[in-house]
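Thanks for sharing this one; here are my notes, in the order I would read them. Please keep the structure open beside the text as you go.

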Amino acid sequence: MLVPEQIIPEYGSYLRIERAMSDNTVSSYLSDVRHFFEAVECSPEAVTSDDIVSYFSSRKRISGRTQARILSALRSFFNYLILEGYITDNPGDNVDAPKTGRTLPGVLSEEEVDAIISSVSLSDWKGLRDRALLEVLYGCGLRVSEAVGLKISEIYFKEGFVRIVGKGNKQRLVPLGEMASEALQTYLQARPEPADDRYSDYVFLNARGGVLSRISAFNMVKDRALSAGVTAKISPHSFRHSFATHLLMHGADLRSVQEMLGHESILTTEIYTHIDLNTWQAAILKNHPRNR
């Protein structure tokens with residue numbers, strides 16, 4: 001009989017090594033799977049579709065999006081058990097995923113972005129760091145995990161690019177604009193020595209000389225928005241959404257924005273940038289040489 005406490009860590013290793021998932025995704029999947037087995041109290045090979053349905057019924061307050069995420073984690077876990085030869089069928093396959101809809105992210109105006117970035121005091125190295133981080137989030141459209149994980153060796157100032165290792169360890173090159181480049185170089189000149197050699201290549205450090213955390217980046221963005229008088233609920237991802245939307249507003253093509261954001265599907269880019277699918281389709285057909 002399989003024991004969840006033993007098989008779940010093995011599943012985590014599979015996600016990290018063979019599926020090359022990010023640490024955040026792995027942590028989320030493992031948390032969902034552990035919570036499920038704490039609730040159902042049965043061995044993994046004995047789980048049925050009815051057990052999964054009953055589990056969701058007992059958690060009435062979770063949103064459809066959260067339910068879809070949990071179901072995805074469970075299906076992935078049981079697929080792993082099939083690969084390892086423990087079971088032959090996936091009980092999650094017979095459970096319908098909820099309709100979550102498509103949520104359009106909030107976008108800052110160009111004036112709001114400028115106000116937030118300009119609100120940062122440049123009187124000390126922390127201010128220079130925060131300014132550089134905001135410029136990178138907006139100038140390169142990075143995920144917050146990609147920004148705080150950025151390394152000095154991945155910045156090519158002369159060529160005007162940064163190399164990003166995104167979801168699934170997939171690499172991409174993103175253009176580095178003049179303002180972001182200048183802010184980074186100014187900060188790096190004032191950046192203190194890291195507390196440990198392990199952190200020597202990381203761009204953004206905290207006050208203790210370690211790597212700046214995602215939570216610290218979130219808090220900084222919220223504080224800076226309040227200082228600038230921006231009352232809308234925003235996060236570091238708001239700069240990523242704004243980056244993409246503003247590029248398209250100024251004439252960038254959707255495919256280029258897709259590459260810069262690191263999206264596998266162009267439809268994901270369409271959601272992020274508030275571009276209506278029919279508008280995108282019409283633009284393509286209008287400019288195709290075989291259409292009049």
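1. A word on terms to begin with: two residues are in contact when heavy atoms of theirs lie within 4.5 Å. Counting pairs at least 6 apart in sequence, 58% of the contacts in the protein join residues at least 24 apart. Please bear in mind that this is a predicted model.

2. Now the overall make-up. The protein has 13 helices and three strands. Of its 292 residues, 41% count as buried. The exposed area comes to about 16,400 Å², and carbon and sulfur atoms supply 48% of that area.

3. You may like the second largest pocket, which holds about 360 Å³ of space. It is lined by 17 residues, and those closest to its centre are V113, E135, Y138, G139 and M179. By type, the lining divides into seven nonpolar, five polar and five charged residues.

4. Which helix gives the most to the lining of the second largest pocket? That is α5, with five residues. At least two lining residues come from each of α5 (110-118), α6 (125-140), α8 (178-190) and α10 (236-249).

5. Staying with α6, have a look at R129, which is placed in that helix. Is R129 buried or exposed? With a relative accessible area of 10%, R129 is buried, because the cut-off for that label is under 20%. Leaving aside neighbours within four places in sequence, the contacts of R129 are Y187, F204, L205, N206, A207 and L212. R129 and L188 are 59 residues apart in sequence, yet their C-alpha atoms are 8.2 Å apart in space.

6. Helix α11 (residues 254-261) is worth a view down its axis. Its buried residues are L254, V257, Q258, M260 and L261. Seen that way, they fall within an arc of 165 degrees, so the buried residues line one face of α11. Just after this helix comes G262, with a positive phi of about 80 degrees.

7. Two other backbone angles caught my eye, this time at residues that are not glycines. A20 has a positive phi of about 55 degrees and sits in the loop between α1 (4-17) and α2 (23-40). E41 also has a positive phi of about 55 degrees, and its place is in the loop between α2 and α3 (49-58). Their surroundings can be set side by side: A20 counts as buried at 18% relative accessibility, whereas E41 is exposed with a relative accessible area of 69%. The label for A20 holds because buried means under 20%.

8. Finally, go back to the start of the chain, where P4 is found in helix α1. What does P4 touch, not counting residues up to four places away in sequence? The partners are P9, F37, C42 and P44. P4 counts as buried, at 16% relative accessibility. For a distance to check on screen, take P4 and E38: they are 34 residues apart in sequence and 9.1 Å apart in space, C-alpha to C-alpha.

Key. Residues are numbered from 1 along each chain as its sequence is written. This is a predicted model: local features need pLDDT of at least 70, side-chain atom pairs count only at pLDDT 80 or more; totals for chains, interfaces and linings use all residues. Side-chain values use heavy atoms; hydrogens and water are left out. Helices (H or I, at least four residues) and strands (E, at least two) are DSSP runs, numbered from the N terminus. Buried means under 20% relative accessible area, exposed over 50%, partly exposed in between (1.4 Å probe, protein chains only). Accessible areas come from the Shrake-Rupley method with a 1.4 Å probe; for residues, only the protein chains shown count as cover. On a 1 Å grid over the protein atoms alone, a cavity is a set of points where a 1.4 Å probe fits but cannot get out, and a pocket is an open set with protein on both sides within 12 Å along at least five of seven lines; lining residues have an atom within 4 Å of a point. Grid points are joined across faces, edges and corners, and a volume is the space filled by probe spheres set on the points. Ala, Val, Leu, Ile, Met, Phe, Trp, Tyr, Cys and Pro count as nonpolar, Asp, Glu, Lys and Arg as charged, and the others, Gly among them, as polar. The arc is that of the directions from the helix axis to the C-beta atoms.
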